[in-house]
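Visitor: I would like a close look at one part of this model, taken residue by residue where that helps. Please start from a single position and work outward to the helices and the core.

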Amino acid sequence: MKNLVLIGMPGSGKTKLSQILSRRFGLTALDTDQMVEEAAGLSIPEIFEQFGEEHFRQLETQACQKAARAQRAVIATGGGAILREENMTALAETGVIFFRDRDPNAIVKENHGGRPLLAEDSSRVFRLYETRYPLYLRYAHHHIPHTDTLEAAAEQIALRYEAALKSASSEG
Ligand code: S3P
């Protein structure tokens with residue numbers, strides 16, 4: 001059974017979606033940000049502060065590769081996981097990838113204290129969205145456009161994931 005992988009901007013609800021979907025399908029919930037923090041023994045803001053973004057990206061690649069080896073998991077990725085092709089290649093080998101495309105206007109309205117790339121300047125959300133959008137689309141097997149609620153997005157993902165599993169099993 002393929003993993004269910006969530007990609008999308010910071011603040012797009014990947015972690016909460018992963019909780020809903022892991023319960024629904026009885027899958028283990030993995031979170032690459034959390035895996036990075038556990039491996040480093042530091043929070044993400046601390047990693048950025050002490051070692052810089054490049055070091056964080058290296059740890060993130062290791063976390064994506066490790067998560068891709070899991071079975072029966074929902075994998076919530078950090079918003080920048082799409083910046084390295086190797087991350088997405090590894091995750092696509094064992095998973096179906098969903099891009100939750102949340103309206104950046106909704107994202108900026110929230111508090112981003114724990115997110116180093118957004119905290120300083122919320123206009124950054126719009127710039128990140130513009131530059132990353134093509135990458136999210138490139139790597140997603142399924143694009144889930146803006147929905148009013150998280151539950152509606154979860155429902156759309158669940159239906160498409162079920163269909164993907166069915167077609168994989170009928171292909172033998
Ligand atoms: C990042 C997103 C964060 C985290 C790190 C970098 C990014 O994850 O990986 O702060 O580059 O967009 P979330 O998308 O879970 O906030």
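Guide: Asparagine 3 sits in strand β1. This is a predicted model, and the values here are computed from it. With a relative accessibility of 1%, asparagine 3 falls under the 20% limit and is therefore buried. Setting aside residues up to four places away in sequence, asparagine 3 touches Ala67, Ala68, Ala70, Gln71, Arg72, Ala73, Ile75, Thr94, Gly95, Val96 and Tyr161.

Two of those partners, Ala67 and Ala68, are also listed among the buried residues of helix α4. The others buried in α4 are Phe56, Arg57, Leu59, Glu60, Thr61, Ala63 and Cys64. Helix α4 runs over residues 53-68. Its 16 residues reach 22 Å from the first C-alpha to the last, close to the 22 Å expected at 1.5 Å a residue.

Helix α4 also meets helix α3, residues 44-51. Two packed helices are described by the angle between their axes and the distance between the axes. Here the axes come within 7 Å and cross at roughly 130°. The two helices are therefore oblique to each other. On the α3 side the contact involves Ile44, Ile47, Phe48 and Phe51, and on the α4 side Glu53, His55, Phe56 and Leu59. By type, the residues of this contact are 6 nonpolar, 1 polar and 1 charged. Phe56 and Leu59 are among the buried residues of α4.

Isoleucine 44 belongs to α3. Its relative accessible area is 10%, so isoleucine 44 is buried. The C-alpha atom of isoleucine 44 is separated by 8.7 Å from that of glutamine 34, a residue 10 places away along the chain.

Both helices also feed the largest nonpolar core, which has 32 residues. Elements that each supply at least two residues of this core are β1 (3-7), α2 (32-40), α3, α4, β3 (73-76), α5 (85-94), β4 (95-100) and α8 (123-139). The residues with the most contacts inside the core are Ile7, Met9, Ile82, Met88 and Leu91. Apart from neighbours within four places in sequence, isoleucine 7 is in contact with Lys14, Thr77, Ile82, Met88, Ile97, Phe98, Phe99, Arg100, Tyr136, Tyr139 and Ala140. Ile82 and Met88 thus appear in that contact list and also among the core residues with the most contacts. Another core, of 17 residues, lies apart from this one and includes Val74, Val96, Leu150 and Ala153. Val96 brings the account back to its start, being one of the residues that asparagine 3 touches.

Methods
Residues numbered from 1 in each chain as written. Predicted model: local features only at pLDDT ≥ 70, side-chain atom pairs only at ≥ 80, totals over all residues. Heavy atoms only, no water. Axes fitted to C-alpha atoms, helices over the stretch in contact; angles between N-to-C directions. Helix = DSSP H or I, 4+ residues; strand = E, 2+ residues; numbered from the N terminus. Parallel < 35°, antiparallel > 145°, perpendicular 65-115°, else oblique. Contact = heavy atoms within 4.5 Å. Nonpolar A, V, L, I, M, F, W, Y, C, P; charged D, E, K, R; others polar. Expected span 1.5 Å × (residues − 1). Buried < 20%, exposed > 50% of the residue type's maximum accessible area, 1.4 Å probe, protein only. Core = buried A, V, L, I, M, F, W, Y, C linked by side-chain atoms within 4.5 Å.
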